[in-house]
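Grab a pencil and have the viewer open. Below are some short exercises, each with a solution worked out in steps.

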Amino acid sequence: MPIINRVADLQPEIMAWRRDLHAHPELLYDVHRTAGFVAERLKEFGCDEVVTGLGRTGVVGVIKGRKPASGEHKVIGLRADMDALPIEEATNLPYASKTPGKMHACGHDGHTSMLLGAAQYLAETRNFAGDAVVIFQPAEEGGAGAAAMIKDGLMDRFKIDQVY
């Protein structure tokens, strides 16, 4: 199946995830619902490994490619942020924040949903060599979530060569 067709097929599901996450924003490291949502999707997709609690509430999924490596084994990280901002939403959208004083005003609901879509596609096809590590980071909005995940061994544990 051509890549573009499969990704287009995923669009309604990705949109539904984004709207669900948008309606339930969480701040900094207190992203327990979001992290649980992400971990469940990664398990459903068939990730080879799903790790929760990295950097307190971060989530990591490992997807192993099927293609033989032409040289050394590469591990690429793909990262998205999960936290929202302490802002009151005034959009009146059907999927507007249900949590007073919290809103996904910076697009992290979209980032999380897009990376989930990429993870689903990669887990289905595995048409690559090496490993893809999907990283869902808490506390991007001033909470040093990346540093917390790195301190918990993100790069070393998964032997990540590069992160995008």
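**Exercise 1. What is the strand order of the open sheet, and which are the edge strands?**

Start with the order: the open sheet has five strands arranged E1-E2-E4-E3-E5, with mixed pairing. Strands here are DSSP runs (E, at least two residues) and helices are runs of H or I with at least four residues, both numbered from the N terminus. Two strands pair if DSSP finds at least two bridges between them. Now the edges: strand E1 (49-54) and strand E5 (162-163) each pair on one side only.

A word on the source: this is a predicted model, with residues numbered from 1 along each chain as its sequence is written. Local features need pLDDT of at least 70 and side-chain atom pairs count only at pLDDT 80 or more, while totals for chains, interfaces and linings use all residues; side-chain values use heavy atoms, with hydrogens and water left out.

**Exercise 2. In what sense does E2 pair with E1, and in what sense with E4?**

Take E1 first: E1 and E2 are antiparallel, over five bridges. Within that pair, Val-51 stands opposite Val-60 in E2. The link between the two strands is a hairpin with three residues in between, and Gly-55 in the turn has a positive phi of about 65°.

Then go to the other partner: E2 and E4 also pair in the antiparallel sense, over six bridges. Here Lys-64 has Asp-131 in E4 as its bridge partner.

**Exercise 3. Across which strands do H2 and H3 lie?**

H2 lies across E1, E2 and E4, running at about 10° to E2. H3 lies across E2, strand E3 (75-81) and E4, at about 150° to E3. For these angles, axes are lines fitted to C-alpha atoms, for helices over the stretch in contact, and the angles run from 0 to 180 degrees between N-to-C directions.

Next, check the lengths. The expected span is 1.5 Å times one less than the number of residues. For H2, 14 residues should span 20 Å, and the end C-alpha atoms are 20 Å apart, so that agrees. For H3, 18 residues should span 26 Å, and its end C-alpha atoms are 26 Å apart, so that agrees too.

Last, look just past each helix: Gly-46 follows H2 with a positive phi of about 90°, and Arg-126 follows H3 with a positive phi of about 50°.

**Exercise 4. Which elements give two or more residues to the largest nonpolar core?**

Begin with the core itself. A nonpolar core is a set of buried Ala, Val, Leu, Ile, Met, Phe, Trp, Tyr and Cys residues joined through side-chain atoms within 4.5 Å. Buried means under 20% relative accessible area, exposed over 50%, and partly exposed in between (1.4 Å probe, protein chains only).

The largest one has 26 residues, and those with the most contacts inside it are Val-38, Leu-42, Phe-45, Val-59, Ile-63, Leu-116 and Phe-136. The contributing elements are helix H1 (3-23), helix H2 (32-45), strand E2 (58-64), helix H3 (108-125) and strand E4 (131-137). Apart from it lies another core, of 11 residues, including Val-51 and Val-133.

Zoom in on Leu-116. Contact means heavy atoms within 4.5 Å. Not counting residues up to four places away in sequence, Leu-116 touches Trp-17, Phe-37, Val-38, Arg-41, Leu-42, Phe-45 and Phe-136. As for cover, 13 of the 18 residues of H3 are buried, and the buried residues of H2 include Phe-37, Val-38, Arg-41, Leu-42 and Phe-45.

**Exercise 5. Is Tyr-29 buried or exposed, and which residues does Tyr-29 touch?**

Place it first: Tyr-29 is in the loop between H1 and H2. At 13% relative accessibility, Tyr-29 counts as buried. Not counting residues up to four places away in sequence, its contacts include Gly-55, Pro-138, Ala-139 and Gly-143. The C-alpha atoms of Tyr-29 and Gly-143 are separated by 7.6 Å, though the two are 114 residues apart along the chain.

**Exercise 6. Asn-92 and Ala-139 have a positive phi: is each one buried or exposed?**

Keep the background in mind: most residues other than glycine have a negative phi. Asn-92, with a phi of about 60°, is in the loop between E3 and H3. Its relative accessible area is 75%, so Asn-92 is exposed. Ala-139, with a phi of about 50°, lies in the loop between E4 and helix H4 (145-151). Its relative accessible area is 0%, so Ala-139 is buried.
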